[in-house]
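Colleague: I would like to learn how to read helix packing and ring contacts in a model. Can we work through a case together?

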Amino acid sequence: MAPWPELENAQPNTNKYLEGVTSQQPTTPGKGKEINKNDTGSPVTKIELLPSNSTVALIEEPTEVADPWDLPELRDTGIKWSERDTKGKILCVFQGIGKFILLLGFLYFFVCSLDVLSSAFQLAGGKVAGQFFSNNSIMSNPVAGMVIGVLVTVLVQSSSTSSSIVVSMVASSLLSVRAAIPIIMGANIGTSITNTIVALMQAGDRNEFRRAFAGATVHDFFNWLSVLVLLPLEAATHYLETLTDVVVETFHFENGEDAPALLKVITDPFTKLIIQLDKKVISEIAMNEEAAKNKSLIKIWCKTLTSVTQMNVTVPSPENCTSPSLCWSDGLYTWTIKNVTSKENIAKCQHIFVNSNLPDIVVGTILLLISLLVLCGCLIMIVKLLGSVLRGQVAIVIKKTINTDFPFPFAWVTGYLAILVGAGMTFVVQSSSVFTSAMTPLIGIGVISIERAYPLTLGSNIGTTTTAILAALASPGNTLRSSLQIALCHFFFNISGIMLWYPIPFTRLPIRLAKGLGIVSSKYRWFAVFYLIFFFFLIPLAVFGLSLAGWPVLVGVGVPIIFVILLVVVLTLLQSRCPRILPGRLQNWNFLPLWMHSLKPWDDLISLFAGCCQNRCCLCCRLCCRTCCLLCGCPPCCRCSGCCQNLEEEPELPIKVPEAFDNVAMSREAPDGPPQAQGEAGGTRSIASSTAL
């Protein structure tokens, strides 16, 4: 350890704190000094004390901690309108029109990429999703039915597709309405993954990512919490089945027209040039039709002619004839007349993969990569354009219009009006995924707050069920009742969830949970991907696997895990609210290993592996170099191979040091230490921690 430096010459220069004292410099009167004469006539210099600067506070502390959820001010950094000349004003108007047209164009391709993304997921996992539905014995278990709904909706990226499969199975008596309700609950969860994927595209900026990811996952938490409460309630009381049965019996619904295709009219001409799917194949696989397992989901023939003709066919015996009058025998065979349906292909579809002859999984992978690339690019450009357009007074007006409540005592009405707006907008675009995904970048840049996005998201849940009800009313007569009852179950499920988690401000748990997840994910951005994989893939697959083993295995494994989770939640609440009632050891989680109650060790591990992938050298060289560094224990990586990056040194803490200690003795270091760097900004010195002590 280096010896303590000598301070014998460290006396402060008091003359510099006094103005006008005698010094070796000429004492000519300057500005700020007044010369008076005393009774003897000798000049006396008037001394003025300068303001004292305290050297007690060595480290500057922040005066105020800003709320991370405050909406940022979108300031206009350009030239003001009043300062522009006529040419500048005309140019500004044309720039605004051009930005608006570009914004609409990128939004159009954004919606189209979501549609292609759904088709890609159906090509990649549609047949697997149909096989999930084919095991009817598992779906009698409500928990297994719920996770099947989650997995199928995640795989096909469309709750409408999974709902239509369920309707077909109910209409064919392969599935009861009671067993279909948990699947609809799971589909409600699975459809919220789309806007969570969109939020991952804003991971470049931590502040935007925190807001965007919280705004996207508020939908997830609402659906998960609603299922956790309503699924046991439905399994015990069957209230959704009873309520919807009464509604269907009371109102004698008749077949109506199909739901209006408002957004599809605009996007279908473009997306049908890329890919078209035969979605009946998934339903046929779900209903255990063997011939459908070898069919391709890619639609080849768009125009077909189906004709019914009468033909003479042979039957095994006269009992198989259509009627006794149409039955005869020639001594060798028994003949009858039957209607034979023949299908004639007329015109092929006009899309890119119509003549490709590629497997569905290959086409799905290609479309998945392209759609994600287009989705990411469009989202980046939308955020940039919104950031350049929503500035100054425009941003102030929009933010006040969206986020301001009505005056007292009608402030509570604002949230319910937002629910109606969300339902109406979702009805227009006919997809809750499109509406919430388009709202996610607005939350990220700070135009819409989390508190306002929550009721808009709840409204989108209702809006997508109204579209499903209209689609059910257009169903054929044999499927009208089942499809309408399932659509009403979806509607009343969302209404029940809103009644649980919105009317009372204290019960709005999804907002607090989403904010907590947003803070964690902005600090450890890899945790967002882990959350997505864990909650939408690993948990449903684990529950589905345990369901295959039977109820005893599912209960035996699930009950202890649920008990541990509840215990952790209760202890965490007590630690934050009433820590005194707990024993001293349980007042925090420090008694556990660090990796069990902190993400920092996991972050270091992931950073270590990510650092290996960032270097431009062969994999073998990277692994050998990293292994050598870990075995040797040296702080920097070994430089012999030249493929490891130097570890980033911890930034030194800037500390204010009194000028009395600014001398040569204080800057000495140990003989083997590196030279100490000195900062130049604002009289701040960067010194070693041992010297500061």
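Modeller: We will go from the whole chain to one helix pair, then to the aromatic rings. Keep in mind that this is a predicted model.

Colleague: Start with the overall picture. How many helices and strands are in the chain?

Modeller: The chain has 23 helices and seven strands. Of its 693 residues, 36% are buried. Then look at contacts between residues at least 6 apart in sequence: 73% of these join residues at least 24 apart.

Colleague: Now a helix pair. At what angle do the axes of H7 and H8 cross?

Modeller: Angles from 65 to 115 degrees count as roughly perpendicular. Helix H7 spans residues 206–237 and helix H8 spans residues 239–250. Their axes cross at roughly 70° and come within 7 Å. H7 is therefore roughly perpendicular to H8.

Colleague: Which residues of H7 and H8 meet?

Modeller: H7 brings Leu230, Leu233, Glu234 and Thr237. H8 answers with Tyr239, Leu240 and Glu241. By class, this contact holds four nonpolar, one polar and two charged residues.

Colleague: On to the rings. How many aromatic pairs does the structure hold?

Modeller: There are 20 aromatic pairs. Read each one by the distance between centres and the angle between planes. Over 60 degrees counts as edge-to-face, under 30 as stacked, and the rest as tilted. Take Phe534 and Phe535: their ring centres are 5.4 Å apart and their planes lie at 85°, so the pair is edge-to-face.

Colleague: Is Phe534 buried or exposed? And what about Phe535?

Modeller: Buried means under 20% relative accessible area, and exposed means over 50%. Phe534 has 30%, so Phe534 is partly exposed. Phe535 is also partly exposed, with a relative accessible area of 30%.

Colleague: Which class of pair do Trp589 and Phe591 form?

Modeller: A tilted one. The centres of Trp589 and Phe591 are 6.0 Å apart, with 35° between the planes. Phe591 counts as partly exposed, at 30% relative accessibility.

Colleague: Which residues do ring pairs link into a cluster?

Modeller: Ring pairs can be followed from one residue to the next. Here the cluster includes Phe209, Phe213, Phe221 and Trp224. Tyr524, Trp526, Phe527, Phe530 and Tyr531 belong to the cluster too. So do Phe534, Phe535 and Phe536.

Colleague: Last feature: charges over rings. Where does Lys348 lie?

Modeller: Lys348 lies over the face of Trp301, 5.7 Å from the ring centre. Arg512 gives another case: its charged end sits over the ring of Phe506, at 5.6 Å from the centre.

Terms used
Residues are numbered from 1 along each chain as its sequence is written. This is a predicted model: local features need pLDDT of at least 70, side-chain atom pairs count only at pLDDT 80 or more; totals for chains, interfaces and linings use all residues. Side-chain values use heavy atoms; hydrogens and water are left out. Axes are lines fitted to C-alpha atoms, for helices over the stretch in contact, and angles run from 0 to 180 degrees between N-to-C directions. Helices (H or I, at least four residues) and strands (E, at least two) are DSSP runs, numbered from the N terminus. Angles under 35 degrees count as roughly parallel, over 145 as roughly antiparallel, 65 to 115 as roughly perpendicular and the rest as oblique. Contact means heavy atoms within 4.5 Å. Ala, Val, Leu, Ile, Met, Phe, Trp, Tyr, Cys and Pro count as nonpolar, Asp, Glu, Lys and Arg as charged, and the others, Gly among them, as polar. Rings of Phe, Tyr and Trp (its six-membered ring) pair if their centres lie within 6.5 Å; planes under 30 degrees apart count as stacked, over 60 as edge-to-face and the rest as tilted. Buried means under 20% relative accessible area, exposed over 50%, partly exposed in between (1.4 Å probe, protein chains only). A charge sits over a ring if NZ of Lys or CZ of Arg is within 6 Å of the ring centre and within 35 degrees of the ring normal.
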